[in-house]
Amino acid sequence: TLPLDTEVGGGALLRDVKKVGVMSGGALELIPRPGILGHLLYGALGKCVSAADGAGYKHTFTLGANQFAAPYYTLRSAPGNLWGEQFQDVRVSALNIAFRGADFVRGNVAFVGGLPTKVATTLWSPATKVDGGPPLIAPLSTIELPTGAAAKVIAGSFMAGMAIPMEEQWIVGSYSPDDFEIISRAFSLSFTMKVTDATLYSKMMYDANGGSAWAADMLREADIKLELA
């Protein structure tokens with residue numbers, strides 16, 4: 001956007017405001033239910049394999065062969081239920097799932113996408129799209145270390161970040177970004193723990209192999225079980 005009375009080519013003055021680009025994006029906080037959480041994990045990881053599992057289905061989310069692939073969504077909102085807005089070619093740019101004792105599992109998600117437009121709410125009935133499934137709660141959830149021993153976790157979070165640098169997407173000849181390409185992904189799982197096991201504390205703070213002298217090697221194990229129910 002150029003300020004008023006800006007001199008342009010030929011000495012002419014620009015005496016109004018021009019729109020030179022358009023995109024959509026934003027973030028929201030939510031208590032994720034299984035239905036919407038599946039969509040968000042798919043948007044963050046890019047691949048989902050589903051298979052029958054008893055009376056239901058098991059969904060496994062992983063990175064695909066192309067680790068930068070991710071689905072595009074069309075998002076709609078109804079601010080104040082006064083009108084409808086639609087955002088096209090949207091990708092998940094960040095996802096955070098946070099949990100702590102005696103509370104709901106909560107989340108934050110951010111999006112970045114293309115052209116926003118107004119749409120009639122009568123075309124999609126926003127109230128019918130609300131995910132009213134059961135919430136995930138901490139008292140029914142479990143976290144275990146690789147040894148199978150339950151970990152006393154006070155709080156924790158899973159975070160996924162997708163780098164989508166927009167400065168590389170604006171091209172000459174277009175009001176909209178060319179694409180919303182992911183150039184890197186980062187995932188982290190963090191816990192705040194109540195440590196009452198002397199052996200575990202010693203491995204974390206002194207020697208990962210259980211010795212008494214301080215060592216530079218870190219305690220490093222995989223296959224942590226995190227079950228939010």
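Author: Strands here are DSSP runs of E of at least two residues, helices are runs of H or I of at least four, and both are numbered from the N terminus. The model discussed is a predicted one.

Reader: In which strand is His-59 found?

Author: His-59 is partly exposed, because its relative accessible area of 44% falls between the 20% and 50% cut-offs. The residue belongs to a strand that covers residues 56–62. That strand is β5.

Reader: What distance separates the C-alpha atoms of His-59 and Tyr-42?

Author: Along the chain, His-59 and Tyr-42 are 17 residues apart. In space, the separation between their C-alpha atoms is 9.8 Å.

Reader: What is the volume of the largest pocket?

Author: Rolling a probe the size of a water molecule over the atoms shows where empty space is left. For the largest pocket, the volume found is about 940 Å³.

Reader: Which residues lie closest to the centre of the largest pocket?

Author: The lining of the largest pocket is made of 27 residues. Those closest to the centre are Leu-28, Ile-36, Leu-75, Arg-76 and Phe-111.

Reader: Which element gives the largest share of the lining of the largest pocket?

Author: Two or more lining residues come from each of β3 (24–30), α1 (34–45), β6 (73–77), β7 (84–100) and β8 (106–113). The largest share is 6 residues, and it comes from β3.

Reader: How many residues in the lining of the largest pocket are nonpolar?

Author: The lining can be divided by class into nonpolar, polar and charged residues. The charged class has 4 residues and the polar class has 7. The nonpolar count is 16.

Reader: What is the phi of Asp-89?

Author: Most residues other than glycine have a negative phi. Asp-89, placed in strand β7, is not a glycine, yet its phi is positive. With a relative accessible area of 39%, Asp-89 is partly exposed. Its phi is about 55°.

Reader: Is Ala-102 buried or exposed?

Author: Ala-102 also has a positive phi, near 55°, without being a glycine. The residue sits in the loop between β7 and β8. Its relative accessible area is 74%, and the cut-off is over 50%, so Ala-102 counts as exposed.

Reader: How many salt bridges does the count come to?

Author: Side chains of opposite charge can pair when their charged atoms come close. The cut-off is a Lys or Arg side-chain nitrogen within 4 Å of a carboxyl oxygen of Asp or Glu. The count comes to 2.

Reader: With which residue does Asp-16 form a salt bridge?

Author: Asp-16 is partly exposed at 32% relative accessibility. Its partner is partly exposed too, because Lys-18 has a relative accessible area of 43%. The closest N and O atoms are 3.3 Å apart, and the partner is Lys-18.

Reader: How far apart are the closest N and O atoms of Arg-106 and Asp-103?

Author: Arg-106 is partly exposed at 38% relative accessibility, and Asp-103 is partly exposed with a relative accessible area of 22%. The two form a salt bridge. The closest N and O atoms are apart by 3.0 Å.

Reader: What accessible area do the residues of the nonpolar patch on the surface have together?

Author: The patch is formed by Val-195, Tyr-201, Met-204, Met-205, Tyr-206 and Trp-214. Of these, Tyr-206 lies in the loop between α2 (198–205) and β13 (225–227). Tyr-206 passes the patch cut-off of over 30% because its relative accessible area is 40%. Together the patch residues have an accessible area of about 630 Å².

Key
Residues are numbered from 1 along each chain as its sequence is written. This is a predicted model: local features need pLDDT of at least 70, side-chain atom pairs count only at pLDDT 80 or more; totals for chains, interfaces and linings use all residues. Side-chain values use heavy atoms; hydrogens and water are left out. On a 1 Å grid over the protein atoms alone, a cavity is a set of points where a 1.4 Å probe fits but cannot get out, and a pocket is an open set with protein on both sides within 12 Å along at least five of seven lines; lining residues have an atom within 4 Å of a point. Grid points are joined across faces, edges and corners, and a volume is the space filled by probe spheres set on the points. Ala, Val, Leu, Ile, Met, Phe, Trp, Tyr, Cys and Pro count as nonpolar, Asp, Glu, Lys and Arg as charged, and the others, Gly among them, as polar. Buried means under 20% relative accessible area, exposed over 50%, partly exposed in between (1.4 Å probe, protein chains only). Patches are made of residues with over 30% relative accessible area and no salt bridge: like charges are joined within 9 Å, nonpolar side chains (Val, Leu, Ile, Met, Phe, Trp, Tyr) within 5 Å. Accessible areas come from the Shrake-Rupley method with a 1.4 Å probe; for residues, only the protein chains shown count as cover.
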